[in-house]
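Biologist: Please take a close look at one part of this structure and describe how it sits in the rest. I would like the cut-offs stated as you go.

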Amino acid sequence: SSFVSPDYTIVNPIRILKFLCIIMTAFLGIIGLVLSICLIVTNLVSSNSFGTPYMAPLAPFNWYDFSRWFLFGKQIAPKRPGFLQTKDQFRVKQNNTPKKS
């Protein structure tokens, strides 16, 4: 997994987490691997980025947002995702007709 990312600075956190998993697996076996993965997932679920949950719409589960996660578009999902907490809940319709001069 270290060779997937082209930038060296992006690989450093992945490398540290990989070493953590290897060390815990060496000491505790398969239980250590499961425990380290649970710790990483717990950290991701509890993190926020600019007030928005990092794993949204999976972590604070909302069926509407989850169902629109794969199907994205203004016609399919007229409401904005709830985890964004915007003032206007509905998307603005754009008028794509050209103006006559």
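Modeller: Contact here means heavy atoms within 4.5 Å. With neighbours within four places in sequence left aside, Ser 47 is in contact with Pro 53 and Tyr 54. Ser 47 is placed in the loop between α2 and β1 (48-49), and I will work back from there into the helix.

The model is predicted, with local features needing pLDDT of at least 70 and side-chain atom pairs pLDDT 80 or more, while totals for chains, interfaces and linings use all residues. Residues are numbered from 1 along each chain as its sequence is written, and side-chain values use heavy atoms, without hydrogens or water.

The protein chain has three helices and two strands (DSSP runs numbered from the N terminus: helices H or I of at least four residues, strands E of at least two). Along the sequence their pattern is α-α-β-β-α. Mean pLDDT (the predictor's confidence in each residue, from 0 to 100) is 76 for the protein chain, and 68% of the residues reach 70 or more. Confidence is highest in α2, at a mean of 90, and lowest in helix α3 (residues 63-67), at 71. Where pLDDT is low, predicted coordinates should not be read in detail.

Ser 47 has 25% relative accessibility and therefore counts as partly exposed (buried is under 20% relative accessible area, exposed over 50%, partly exposed in between, with a 1.4 Å probe and protein chains only). Ser 46, by contrast, belongs to helix α2 and is exposed, because its relative accessible area is 53%. The side chain of Ser 46 reaches the backbone oxygen of Asn 43 at 3.2 Å. Such a polar contact is a pair of N or O atoms within 3.5 Å; within protein, one must be able to donate a hydrogen and the other to accept it, and residues adjacent in sequence count only if both atoms are side-chain atoms. Ser 46 is also 9.9 Å from Pro 60, C-alpha to C-alpha, with their positions 14 residues apart in sequence.

Further back in α2 (residues 30-46) is Ser 36. Its relative accessibility is 0%, so Ser 36 counts as buried. The side chain of Ser 36 has a backbone partner too, the oxygen of Leu 33 at 2.8 Å. Apart from neighbours within four places in sequence, Ser 36 touches Cys 21 and Met 24.

Next along the helix, Ile 37 of α2 is partly exposed, because its relative accessibility is 42%. The C-alpha atoms of Ile 37 and Leu 17 are 9.3 Å apart, although the two residues are separated by 20 along the chain. Cys 38 has a relative accessible area of 43% and so is partly exposed, whereas Cys 21, at 13%, is buried. A search of the whole structure finds zero disulfides (a disulfide being a pair of cysteine sulfur atoms within 2.5 Å).

The setting for Ser 36 is the packing of two helices. Helix α1 (residues 8-28) and α2 pack at an angle of about 145°, their axes 6 Å apart. From α1, the contact takes in Leu 17, Cys 21, Met 24, Thr 25 and Leu 28. From α2 it involves Ile 30, Ile 31, Gly 32, Leu 33, Leu 35, Ser 36, Leu 39 and Ile 40. Axes are lines fitted to C-alpha atoms, for helices over the stretch in contact, and angles run from 0 to 180 degrees between N-to-C directions.

For the chain as a whole, 13% of the 101 residues count as buried. Of the contacts with a separation of 6 or more, 5% join residues 24 or more positions apart.
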